[in-house]
Amino acid sequence: MKCCLLLLLLAGRAFASPAPSTLSASTLIANVAGRTTVGLDGAWHAIVDPFDNGKSEFFRDEKPRSKGDRVEYSFDASPVLNVPGDWNTQREQLMFYEGPVWYRREFNYHKRVNERVFVYFGAVNYQAIVYLNGEKLGEHEGGFTAFNFEATRVLRDGENVLIVEVNNVRRADGIPALKFDWWNYGGITRDVMLVEVPATFIQDYSVQLARGSQNEIAGWVQLNGAQGAQGGQKVRLEIPEVGVHETVTSDAEGRATYHFTAKLDLWSPAHPKLYDVVLSGGDDVIHDQIGFRTIEVQGANILLNGKPIFLRGISMHEEAPFREGRAFSPEDAQTLLGWVKELGCNFVRFAHYPHNENEIRLADRMGLMVWSEIPVYWDIDWSNPATLAGAEAQLRDEIARDHNRAAVILWSVANETPVKPERLTFLTQLVKDARELDSTRLITSALNHTENTGTDERTLSDPLGDVLDVVGLNEYLGWYGGRPEDADRMQWKSKWTKPLIVSEFGGGAVFGRHGDANEIWTEEYQDNLYQRQLGMVERMPNLAGLTPWVLMDFRSPLRLLPGVQDYHNRKGLVSNRGQRKLAFYTLQKFYKRLAEAGK
Ligand code: GCB
């Protein structure tokens, strides 16, 4: 009996307290758009290497030295792939390819004294191993977070060769793991550049309102430089428009903290005011455009700048409009967020991974509040410490890139994860990390575990809700079970008095396919489903917003039905050619009514 009790206690302990955090500081250089950079985008020679044959040699980029010399690969003779860009949509044979591809880019560089240079990647899916001039600079995992490696020592004055082994093979211990409902686009999918900085430079900074305050700016500046050189440095923070000129001094770790008051015009969807913020220290000067707003929870309300706000949103993937593939450009962002605005949204859910910086910065300028997420999606290897460390790193680097964007109000730690103890331990740790990394934003997750608590009554009770600020609910009544009409009777309950966002509902429709409301895959079916869902969500307790699924049709390997899906998830309100389906107008009308009612 005693022994059983002990075992029980031990088993309980294994899941009760979160695993120790493995979080180290991010090395990401913030705001590369505001720095001196040399672009490395364009055509890169690429070797498709399905058996990973090049592991021990391709990084050397050898060439035959004599007529008889045998070298069984050649970057020079291999065709090019565009960077940024996924490989799947650049070459027909690569549409379904999952495996290693070696990329090479040669460039000329003129070195300067007292200058440090970093190679910066906006994103590479999934694993990247980076070599410069035959030397390994580092490796990175995670398909949607930015990363950089210092190249100063290895960089040559003159010709340089940058080689990246990219591997998008899905892994049971990866994030996401083996199964997910979007295309596993491989490649160097976002911009690549050299970032030039002085010997001691401003790596990152937080310039945000202190939690709960509308006129106190509290934050820090992190210097990066030789040991000793970064301590005792004067750092200036200026917001000229409101007369802020603050000087602070860095500590031995290169960190300078500050706290001051300023009279600010606050950022909001109606008035997305951004200030020019100038940071300078040593030889480094950096400009950023930053908005100031508060975001809090009071009971079941979300308060923006102290006032309740209803989040009229939509979910979207980072999928390119009009052409297939991963979106990356400012033009892509303009088109996608243009549709979001046209719907009447003040909010957008960037599913299911951190989107590119163009999009976030455009949301800042357009006045769209953002839900940002890491790809902890469905089932992953919850008990694996390396998987937890990987998820923590993705969360840390997502926050490192975007923590000065007023648009971002919510960090989501996961989407639709199965309820089990090891998952609760894992996600509780991520929630704790997110709070530690950023005390000014709200933490959420899209949940889908509900209980039938009566006839036509469902209760949201996922235990993860205990530690969240805002609970997300994905529900597909009328699509994955039941009929759209069931929504008319359904009553929802929540275990908590916390803001609830219906983070997904929807159904598939092929643009241009018409029939009656009972005929699946027609625009009428989808529209009927939206009308009934919108009636239902309005009756939900604690409702603070919604982000139906999804803005635009997108490629997915799970969606096989010929003539209908053809490898596309068709739940878009807009087709991937930009055609609006009937439900687009229904949601638009609904949001117009809410906006007119002051919501
Ligand atoms: C979900 C997922 C989303 C899928 C969607 C669907 O619950 O969160 O990634 O694409 O359902 O269409 O089934």
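Which residue just after H7 takes a positive phi? Gly598 does, with a phi of about 85 degrees. The points below concern a predicted model.

1. Helix H7, length. Helix H7 covers residues 582-596, which is 15 residues. At 1.5 Å a residue, the expected span is 21 Å, and the end C-alpha atoms are 22 Å apart, so the two values agree.

2. Helix H7, two faces. Ala583, Phe584, Thr586, Leu587, Phe590, Tyr591 and Leu594 are the buried residues of H7. These residues take up an arc of only 165 degrees around the axis, which places them on the same side of H7. The exposed residues Lys589, Lys592 and Glu596 sit on the face turned away from that buried side.

3. Helix H7, packing. Four elements receive the buried residues of H7: strand E23 (311-316), helix H2 (330-342), helix H6 (523-538) and strand E33 (543-546). Two of these elements return below as the ends of loops: H6 closes the loop that holds Trp521, and E33 opens the loop that holds Val550.

4. Ligand surroundings. The ligand has 14 residues around it, and the closest are Asp181, His352, Glu416, Tyr480 and Lys571. For Glu416, a polar side-chain atom is 2.2 Å from an oxygen atom of the ligand. The corresponding distance to a ligand oxygen atom is 2.8 Å for a polar side-chain atom of Asn569 and 3.2 Å for one of Trp549.

5. Cis peptide at Trp549. Trp549 also takes part in a cis peptide bond, which joins it to Val550 with omega about 20 degrees. Val550 is in the loop between E33 and E34. A user of the model may ask why such a bond is worth listing: most residues other than glycine have a negative phi, and most peptide bonds are trans.

6. Cis peptide at Pro84. Val83 and Pro84 are likewise joined by a cis peptide bond, here with omega about 0 degrees. Pro84 belongs to the loop between strand E3 (80-83) and strand E4 (100-109).

7. Positive phi at Asp52. Asp52 is not a glycine, yet its phi is positive, near 55 degrees. The residue lies in the loop that runs between strand E2 (42-48) and E3. Its relative accessible area is 24%, so Asp52 is classed as partly exposed.

8. Positive phi at Trp521. Trp521 is another residue other than glycine with a positive phi, about 75 degrees. It is located in the loop between strand E32 (500-504) and H6. Trp521 has a relative accessible area of 16% and is therefore buried.

9. Gln565. Trp521 is one of the residues that Gln565 touches; the others, leaving out residues up to four places away in sequence, are Arg559, Leu560 and Arg570. Gln565 is in the loop between strand E34 (554-555) and strand E35 (568-569). Is Gln565 buried or exposed? Its relative accessibility is 10%, so Gln565 counts as buried.

10. Hairpin E28-E29. Strand E28 (residues 450-454) and strand E29 (residues 457-460) run antiparallel and are joined by 4 bridges. Thr450 faces Leu460 in E29. The two strands make a hairpin with 2 residues between them, and Asp456 in the turn has a positive phi of about 55 degrees.

11. Sheet E20-E21-E22. This open sheet has 3 strands in the order E20-E21-E22, with antiparallel pairing. Strand E20 (295-298) and strand E22 (307-308) are the edge strands; each has a single partner strand, so one side of each lacks a neighbour in the sheet. Between E20 and strand E21 (residues 301-304) there are 4 bridges. Gln298 has Asn301 of E21 as its bridge partner.

12. Leu209. Leu209 is part of strand E13 (residues 201-209). Its relative accessibility is 4%, so Leu209 counts as buried. Leaving out residues up to four places away in sequence, Leu209 touches a set of residues including Gln214, Ile217, Leu264, Leu266, Phe292 and Thr440. Leu209 and Gly219 are 10 residues apart along the chain, and their C-alpha atoms are separated by 8.2 Å.

How values were computed:
Residues are numbered from 1 along each chain as its sequence is written. This is a predicted model: local features need pLDDT of at least 70, side-chain atom pairs count only at pLDDT 80 or more; totals for chains, interfaces and linings use all residues. Side-chain values use heavy atoms; hydrogens and water are left out. The expected span of a helix is 1.5 Å times one less than its number of residues. Buried means under 20% relative accessible area, exposed over 50%, partly exposed in between (1.4 Å probe, protein chains only). The arc is that of the directions from the helix axis to the C-beta atoms. Contact means heavy atoms within 4.5 Å. Two strands pair if DSSP finds at least two bridges between them. A residue is near a molecule or strand if one of its heavy atoms lies within 4 Å of it. A polar contact is a pair of N or O atoms within 3.5 Å; within protein, one must be able to donate a hydrogen and the other to accept it, and residues adjacent in sequence count only if both atoms are side-chain atoms.
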